[in-house]
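This report looks at how two ligands are held by a protein chain and at some details of the backbone.

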Amino acid sequence: MPVRVVVGCQWGDEGKGKIIDLLCALSRIGVVARFQGGANAGHTVVVKSEKYILHLIPSGILHPNVQCYIGNGVVIEPDKLLYEIDLLESKNFQVRNRLAISTNAHVIMPYHIILDKSKESNPNLFIGTTGRGIGPAYVDKVDRIGIRMMDLQSPDLLREKLALNLKLKASHLKRKKVNLDKILQDYLAYGERLQPCLRDVSRLINEDITAGKNILLEGAQGTLLDVDFGTYPYVTSSSPIAGGACTGLGIGPTKIDDVIGVFKAYTTRVGEGPFPTEFLSYFYTERVREWGKEFGATTGRPRRCGWFDGVLARFAARINGLTEMAITKLDVLDRLATVQICTGYHVDGDCCRDLPTDLAIIRDCQPVYEELPGWQQNTTNIREFDKLPKQAQIYLRRIEELVDVPLRLVSVGSERDQTIWCK
Ligand code: GDP
Ligand code: IMO
Ligand code: MG
């Protein structure tokens, strides 16, 4: 029974939520486990026109037989998590009895959110973060002063850690109202409510692997937002790539069988940073944003939009060791007369096919495009690859050829059944 990682292969929002939910509906999945990120993620699942946006809870939660784990690599905003649990339970999904949260996962504290926002207010440091305190929480983790889920169970230890943190951060927090007793009281209460879900998730998931369960490891964000391999510093503060699944859950690399890369049929990005294939014309930006409803699931910000970038995609295939790929939102391009695929970057007169490591080069390069005819036909009701318009088939096969990873699935709408399986 396979252990499969599902990773975003662009700048996030590729449709990972839909793919995870769909795989749960089709193949008897026993466990879905999130391995990094926090409530900066917004994973949308649409079932019979009802939309669920999941920020911390794994996207398998709508399936009653799926166990959902939040790994040690995730940073948890407890009040947001409790809100999400309550919301799902109010819609009659049983959550608490199927949710396991790693005792080792770090906690996002109110001061992380303050620090994130105050850094963002400095034009020299602006990244366009989600403002959810992600960066500062991971900083504390690496600095070994972070507060973990297990600490919310120990009032004295929590007080001690809080006092240390507030002292260390005092100069940055000076004008903000941060009250130790209030935080202590709130977080002990969150800890009490979440205590029944706290587990040694690494042990649990390794037992599940040994028991032969079908397991999906859910990545948040995307490869180009990876703190090591993304467009640094315009990245998130964790490892959304497949390797992050091992450290974010406590699984050895030998246990992973497949890595599924999720791509949009075009490219989007939220926040600052280079984006070589970003549309230059207002016409394309406005159309694709409108047709693809390209507004952030977490912050509501309009997403930047552009053509499919084969250079980034090939890079994502390499960094993640992809074994198969899924392409979503093909239908968004249905009305275009022509479509373009970036096959390389012009850098100082040379054509480069591998992603440069230097941000300045990525920022200044000129994308090399191949123009293909559009299909100008509605694909949302098509369920077989061979029934897609010929031009759409050519577009998809060209992407598959460029990325050099087998195309397994094409999505033509947000509903589960709006999916085409490829041979
Ligand atoms: P995630 O963060 O990777 O899970 O992606 P998001 O949920 O942030 O963004 C993807 C958006 O596209 C959501 O609104 C989905 O409902 C929607 N979506 C997913 N697949 C398709 C598709 O094939 N076609 C269309 N039109 N929308 C899709
Ligand atoms: P999902 O899982 C798209 C982006 C932010 C910003 C950068 C750093 O839904 O694909 P952060 O708050 O993480 O410190 O912000 O990363 N970002 C995302 N963009 N989808 C996401 O998640 C994102 N999570 C973070 O916009 O540019
Ligand atoms: Mg999203």
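The model described here is predicted.

An oxygen atom of ligand 1 lies 3.0 Å from a polar backbone atom of Gly413. The protein covers 91% of the 580 Å² of accessible area that ligand 1 has on its own. Two further polar contacts of ligand 1 follow the same pattern of an oxygen atom of the ligand facing a polar protein atom: a backbone atom of Glu14 is 3.1 Å away, and a side-chain atom of Arg303 is 3.2 Å away.

The space taken by ligand 1 ranks as the second largest pocket. Around ligand 1 there are 19 residues, of which Gly15, Lys16, Thr44, Asp331 and Ser411 come nearest. By class, the shell around ligand 1 consists of 4 nonpolar, 8 polar and 7 charged residues.

Two secondary-structure elements, helix H1 (16-26) and strand E3 (43-47), each give at least two residues to the shell around ligand 1. In terms of domains, at least three residues of this shell come from domain 1 (3-101 + 202-260), and at least three come from domain 3 (263-421).

Ligand 2 has 20 residues around it, and those that come nearest are Lys16, His43, Thr130, Gln221 and Thr236. Lys16 is thus named among the nearest residues for ligand 1 and also for ligand 2. The shell around ligand 2 is made up of 7 nonpolar, 10 polar and 3 charged residues.

Polar contacts of ligand 2 are listed below; in each row the ligand atom is an oxygen.

| Residue | Protein atom | Distance to ligand 2 oxygen |
|---|---|---|
| Lys16 | N or O atom in the side chain | 2.7 Å |
| Gln221 | polar backbone atom | 2.8 Å |
| Arg301 | N or O atom in the side chain | 3.0 Å |

With these contacts in place, the protein covers 97% of the 550 Å² of accessible area that ligand 2 has on its own.

Two backbone details remain. Where does the cis peptide bond from Tyr232 to Pro233 fall in the chain? Pro233 is placed in the loop between strand E10 (215-218) and helix H9 (243-249). The omega angle of the bond from Tyr232 to Pro233 is near 5°.

The other detail concerns Lys48, a residue other than glycine whose phi is positive, near 45°. Lys48 sits in the loop between E3 and strand E4 (50-54). Strand E3 (43-47) is also one of the elements that supply at least two residues of the shell around ligand 1.

Notes
Residues numbered from 1 in each chain as written. Chains lettered and ligands numbered in written order. Predicted model: local features only at pLDDT ≥ 70, side-chain atom pairs only at ≥ 80, totals over all residues. Heavy atoms only, no water. Near = heavy atom within 4 Å. Polar contact = N/O pair within 3.5 Å; in protein donor to acceptor, adjacent residues only side chain to side chain. Areas by Shrake-Rupley, 256 points an atom, 1.4 Å probe, with all protein chains shown as cover. 1 Å grid on protein atoms, 1.4 Å probe; cavity = no way out; pocket = protein on both sides within 12 Å on 5 of 7 lines; lining within 4 Å. Sits in = over half its atoms within 2 Å of the grid points. Helix = DSSP H or I, 4+ residues; strand = E, 2+ residues; numbered from the N terminus. Nonpolar A, V, L, I, M, F, W, Y, C, P; charged D, E, K, R; others polar. Domains from an automatic or database assignment.
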